[in-house]
Structures are given as C-alpha cells and as structure tokens.
Amino acid sequence: MKFKTMLTLFFVGTLLPALAQSESEVYMNFPITVKGYAGDKTDSASYSGQIARHLLHNSLKKLAGKGNGEPNEELKAKMMAYYAGTDEGREILDPKSKDGFAIKQTMIDEISKGKELKGKTYKGAVNSWPGYMTGPEVLEFLIDKASSANKGYDPITGYDYGQLISKFMMGAVFYNQAVDNYLDERLTADKNPNDKPYKEGRHYSGKEHVWDEAFGYFGAPAHAIDLEADQAYSIAKRKPDVMAAADHNSDGVVDLKTEMTYAHAYYAADADKGGKTSYLSDITGAFIDGRKLITAADSNALTDAQRAELMTIADTIKMKWEQVIAEATFKYAGSVYKDLQKLIAIVEANGDVSDAFRAYAKHWGELKGFSMALQTSGKDLGETAVKINRLIGFSPVHLDGNQVTGIDGNGNYMTASGSSMAEYMVHMVKLQNLLGDAFNLTKRKNDATSQLADLIESVGASKGAETD
Amino acid sequence: MPGDNIIVGISQEILSVFFDPLKRVYWVYLLSAAAVAFVWLKFRRNLSFFSAIRKIFSKASWWNTSARADYCVMAVNSALMSVISPKLLGQTAVAYLVFEWMHTLFAGRPQTLEYLPQWAMMAAFTVILFVLDDLARYVVHRMLHRVPVLWAFHKVHHSATALNPLTVFRMHPVEGVIFAIRGALVQGITIAVFVFFFGSKVQLLMVFGAGVFNWMFNAFLANLRHSHIQIGFWKPVERVFISPAQHQIHHSISEHHHDKNFGVALAIWDWVFNTHCHSNTQEKLVFGLSAESTEESHRLSLLYIQPFLEAFRTATSPIRRLREVRKTATQNSLP
Ligand SMILES: [Zn+2]
Ligand SMILES: [Zn+2]
C-alpha cells in the first residue's frame, strides 16, 4: 500500500511536470492580437525580412570566394547587389538543395522583397580595422578587395576576405541590429507601441514585431529548442541525416524561413556541442518567453512592469549572444595558436609552408572577424576592446615578422615588422585569457592553457600553512 | 550579524584542513598515522593494547601549554593567511608567466613528440615535481635556520616543547608567506615547463585526490614527525627517507642535534649536504629551543611580535657594530 502511494506520488511529482515540459516550445503559431485585423493571416510571428538578410549574407560569402586574382568589376558589382542592392531576381547562392536535403526556396524574393544589408550595417567607427572607416565603409572595402583576390585569399597579407566579410558582417548587421536597436531603443514605451499594429494593416503589433525581428537576426530555426546542438549545427551544413529533424512540418522540404540555422545561432550550436554550454536553447528560450509575454498583453500598451520584465529577458539574450561571439573568438585564437606552432616547425624544417599558411590565414580571418563583431553591439567594451585589437593586430603576423599597420591614401596596405610568430603565439594565449575573463566563458574550445589550469588544480594551491 | 559571519568563516577555514586531501592533517591521514603508531607501539615496543592507545592519545602530547599554543597559532594564522594568500604570488601566475616566456625563449613551441608514451610522461612529471618540491623545501628550511633574520621567525616552530600533528601549523606568518611563495615558484615553473614541452601528455599520478607521493608521505609519515612516538627506520632506509624520529631530532635541544635533518620526505639532501643524523630510538629527546623554556615562551603575543624585534635587531647589528668600530677608532686616534 505504502509502496503504491509512493509510486503514485513519484509519477505525479516527477513525470507529469516532465510531460508538460516536453510540449514543444516553437517560435511560431502566436495568435493575432491586433484589434480589427481583417486579413487571412493566422500567425503573428513574422521575421522574413531578417531571413532574407541571412540569405544575402550567405550568398555574399559564396561570392567572396569566386575571384581569380585579377580586378573583376563584374564580380564586384554582383557582390554589391547582394550587399547594397534591392533588385528583384537575386538567386539564393547558399544554401541550395542537394541530394537528401531538399530546400523549399531558391530566390531571395520568395522570402522577402527589396531587402539589403548596407542600410542595416553598424554606422560607428570600426577601430579594429585600419583606415578610420565606418561599418559600411569597411564592408565595401573588403568586398572590393575580395573581388580581385584569388578565391578570396591574398597570400601576401594573409587575408581571407570571405571569412573577414562574413564574420564581421554577422556582427555589424545581425548582432548590432538586434542588440543595439530591436532589443534596446525599440523596447522603449514610445517606440513601436504595442497597442498599435507595427504598420497600418499589419497582422502584428509594434512590440510583437520588434521582438520577432530580433529573433530573426539571431538565426535559429523556430523549433531550435527541440533540436540537439549538433542537429542544429548540421542543418546549416545540409547533412542528409538531419533532414528529418530540420523539416519540422514534415512537408519534405526545408523551409528557409523557419527551418534553417544561420549566423550566430549556428555558432551557439557549435559551442553547445558536447553539452558544456546551452547558448542556443537558452537564447531561443528567452526569445520565446519574451514573445509570450508580449502576446499575453493582447495588443494593449505594455505596462512599465511588463516592459521591465521584457528588458530583463532582453539583457539575458544580449549577454549570452555576446558570449557566443566571444566563444567563437576564443576558439579561433586557439586555432591560430596551433597553426603558428605548426608553421614554425615547417619553417625550421625548410618545408613547404603554403598549405599551413593558408589554414592559418583562414583561422585568422575568422578570429579577426569575430573579434570585430564583438565590438559592434553599440556598448563600449572599453579597455577590453583596446587590448583585443592590440593583441590581434591588423593582420596575421607573416613569416618574416611583418604585420599590416595601416592603409595608405591609395587604399594599399602598409606593413612594418612587429612581433615574431612565437611572440604572436603568446598574444593568442593572452587573448584567450582576456576573453575568458572578460566574457565569463565556459566552453573555451581550443584552450591553449587548459593543461596548465588542469595541472594547477590537481597539484592544489600551495597556501603554505604547514612547516617543519 | 557580520561579526558572527567572520567567526563562522574562520572556523570553517580552520576545519576545512581536516577535510582536504591536499593537507597533512586530512582526517584520513590522521587516522592512518594513528594506525601506524599503534602497530609500532604494540609490536615493536610490545606495549599492551590499552597502553598503546593511552600513549597515542596521551594528555601530555595533546593538552599542555605548548600544544594549546599550537592550536591558537593555527587559528590566528588561518585567519591571517585567508587575507594574505590571495595577495601573494600564486602558482597560476608563475605558471602562465613562465609558459608565455618560454615561447619567446624557444622561438615557438615544439610539437609534442608522438612516440612518448603517456604513462612515462605522467610518471616523469609526478616524480620530478615531488623531488624538486622536496629539494626546495630542504633549501628553504636550511636557510630558515642558517640566516639569522629568518631564524628569528622559524624559532616560533622550534619553540614547541611538545609535538603533535598540529604543530605543523605552529609557525610565524612570515614563514607562511615564504613557504607559499616557494611552493608557487617550484610548482608553477615545473608545471609550465612540462606543459610547454609535452602538452596534453602531462598529468599528475593521483590517488584519492592527491599526488601519489604526497599521498604516501602524508598517509604514513607526515603526522608522526610531530609526535612523541619515536619511529625510526633501518639505517640504509634513513639515508633515503626521513623517519619520524629523525625529524624529532631536528626539534631536539641537544647540541649535537642542532641544524640536522632539514629534509621533509627525502633524506638524500641531508646526506649529500652533510646535515644528516640517524635516529636513535633509545635516546630520550627534549624538544624546544633551550632547557630554560617556560610557560612565558608560549605566549601568543610573544610568538608573533618577538620575531620582528629580533629580526630587526639582527638585521641592524652590522650597522651598529660598524658604528662602534668607528667610535673606537676615533677614540683610539685621539692623542
Ligand atoms: Zn618540525
Ligand atoms: Zn627547523
């Protein structure tokens, strides 16, 4: 008898809440709350403009690797069409359908018309790049250089333009728009009030849409919480074995609007693989919580208390999103460290360095791009940013110890001898320590000093309280 | 009340040493030491069961003026060290500094050699860390005796007239600081050098939460060094490992025992540097600084303040002597 009672209690106590929780949390099917809406829409969640921009970015990255090493006006024009144009007829260059992974859309216009990236790029000064330029100026400069580079790579400077453009753009457009605009000033009472539709005739309220747009920029599939980190990650890689997991509505195709992983959501999933962190589900969950709060207001103006709660959720999102970018920066600092170790060994053995240097350039481009992205939140990172930029410098350190120091009046790079490759390894170690401390990182992939920390822990702190 | 919190914090700090396998007085080590002592007294000294137990837990060794001073010093020190330690140079800082500096020194970092087996690297690291740590303790301990300014502080430990395992905590905080920095340097440098060359292959061979050699030392020898139970080894063994009785000689007031047996676990340093002395378990030892020690010499204020005054006097004595020499010189030159 007693046993049965306990068993029942066990079921009620542990299984029922678990069942209730397993009801999937998806960022869709939010009711329409706008009063007097007469159209035929049934879901108020809408962020297709952001998805269109993700696809413009993905496509632009593809184009960045198409150059043949000669100045190429046609390629440059095409890249600019994806960056600054609004014309119809732009094809989605990435991701495309492949065997075992069918994708619903092929054209940008099928997602959203008239979208571009330049107008949404961070306008502030970019101190992490030479030449005293604004965000859009840096991207146009990089696009110009990429169009005349060989497959986006310049072996003289060690710049991988595809990586630089992509990683910086994710910060300067998506991250900046979300954390500095939608999750910031647009949450104030007088901007996009919740008791009015976002625009006349729209099926979503002001705050509903502001929140949706921020979620759209993050780049997670609507059902991200149902996915394992490595599934969410592999969806972006179009792996056939995650096709079923990606196709949430089981219509046989992956809908780029709601079922694909983009940009920082992809890097959140990357960090979460292995289970040390849960950035993807934490951030997506926070977005869903916030959206529920707004939906529950039922197109009434948000009270101060409701807005305060929303701001708290927004702060969680901002903090974790920043950590995702910092984790990626940390990871590539570790890759660069290992690349340098390899390179030095090859140089000492008089071997052929070209492949190793190419890998180094790629990782450095990712490192630099992410570190630049980190500085586009509109929040001043203060001395942390200064130190990050000084440790990384304006280019990878070359075999002869030279490094880019600036851009001259004709747009050419200037170099000067700086630190040796060995000293640059130390910069990477210091950079990882700085990032780990400043942003409170837990994943710390490719940690160059994890071994030191582990051994120190096992030996134990010497407090010196014993004598003989 | 905040005052309560401080008291709770300090008591937790004091008690934590009994639950930390990296500390000598971890309860398991105390228990195993008692077991070793019992076996020794019962089978070597042929004491009865009860007299062996009585000897181990005797009031004479655990509750007397000297022992009570040990406990007080331990309490005061753990409060002081919890404030001082975080400000000291730690092994983490040393390890990172050396690790970074080696990149410049070796113009890069060698790739880990694939053919080195992991077990060999683990064994090498564990042995070398233990040996270097032990050597450094020997050197510092010897200096504490031979350098007059340092001896002023180390005297606090030697002022104990009765020994029990908690006497390890009877020391002046200045000595605590010296020992902490010593540990940080030796461990920090060794860890950094090994990681730099051998990377992920380096690990510490551990048993029950401590390095294997430290564990063995702590479990069987450490707590018997400061006790009244004179356990000696066979002479050839005493040349390699210091027996508890040999450390008791280090605390003896007899002239012929002065400045002997500075070592901690290994006796080879004493042997090589001529400070070695075998144990003689027949000999009755008197512990302390001199036969004249009184209740007064265990007064807490004296233990903490006196060393500073004495160190100051020692440090300035050459100057004073110089002045006196000059004075006499001028006096002599007078007609
Ligand atoms: Zn002692
Ligand atoms: Zn001594």
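**Fold of chain A and the two zinc sites of chain B**

Among the contacts in chain A between residues at least 6 apart in sequence, 71% join residues that lie at least 24 apart. The structure described here is a predicted model, and for chain A the pLDDT averages 93, with 94% of the residues scoring at least 70. An exception is found over residues 15-23 of chain A, where the pLDDT is below 50 and where the stretch has three contacts in the model beyond near neighbours in sequence. Where pLDDT is low, the predicted coordinates should not be read in detail.

Chain A contains 16 helices and four strands. Its radius of gyration is 24 Å, close to the 23 Å that the globule rule gives for 468 residues, and chain A is therefore as compact as a globular protein of that length. The C-alpha trace of chain A spans about 80 × 75 × 45 Å along its principal axes. Of the 468 residues of chain A, 56% count as buried, while the accessible surface of the chain comes to about 19700 Å², of which carbon and sulfur atoms account for 51%.

Two zinc ions, ligand 1 and ligand 2, are placed 5.7 Å apart in the model. The zinc ion (ligand 1) has as its protein donors the NE2 atoms of B:His157, B:His226, B:His247 and B:His251, which lie 2.0 to 2.2 Å from the ion. Along the chain these donors follow the spacing H-x68-H-x20-H-x3-H. The four donor atoms subtend angles of 90 to 164° around the zinc ion (ligand 1), and the arrangement is irregular because of these angles. Within this site, the pair B:His226 and B:His251 links distant parts of the chain, with B:His226 in the loop between helix 10 (212-225) and helix 11 (235-238) of chain B and B:His251, 25 residues apart from it, in the loop between helix 12 (244-250) and helix 13 (268-272). Both B:His226 and B:His251 are buried.

For the zinc ion (ligand 2), the protein donors are the NE2 atoms of B:His141, B:His145, B:His154, B:His158 and B:His250, lying 2.1 Å from the ion, and their spacing along the chain is H-x3-H-x8-H-x3-H-x91-H. Here, too, distant parts of the chain are linked by a pair of donors, namely B:His154 in helix 8 (residues 148-158) of chain B and B:His250 in helix 12 of chain B, 96 residues apart. B:His154 has a relative accessibility of 0% and so counts as buried, and B:His250 is likewise buried, with a relative accessible area of 4%.

Technical notes. Residues are numbered from 1 along each chain as its sequence is written. Chains are lettered from A and ligands numbered from 1 in the order in which they are written. This is a predicted model: local features need pLDDT of at least 70, side-chain atom pairs count only at pLDDT 80 or more; totals for chains, interfaces and linings use all residues. Side-chain values use heavy atoms; hydrogens and water are left out. Donors are N, O and S atoms within 2.8 Å of the metal (3.2 Å for Na, K and Ca); water is not among the atoms, so sites may look incomplete. Four donors count as tetrahedral if all angles lie between 85 and 135 degrees; four count as square planar and six as octahedral if opposite donors are over 155 degrees apart and all others between 65 and 115; anything else is irregular. Helices (H or I, at least four residues) and strands (E, at least two) are DSSP runs, numbered from the N terminus. Buried means under 20% relative accessible area, exposed over 50%, partly exposed in between (1.4 Å probe, protein chains only). pLDDT is the predictor's confidence in each residue, from 0 to 100. Contact means heavy atoms within 4.5 Å. The radius of gyration is taken over C-alpha atoms; the globule rule is 2.2 Å times the number of residues to the power 0.38. Accessible areas come from the Shrake-Rupley method with a 1.4 Å probe; for residues, only the protein chains shown count as cover.
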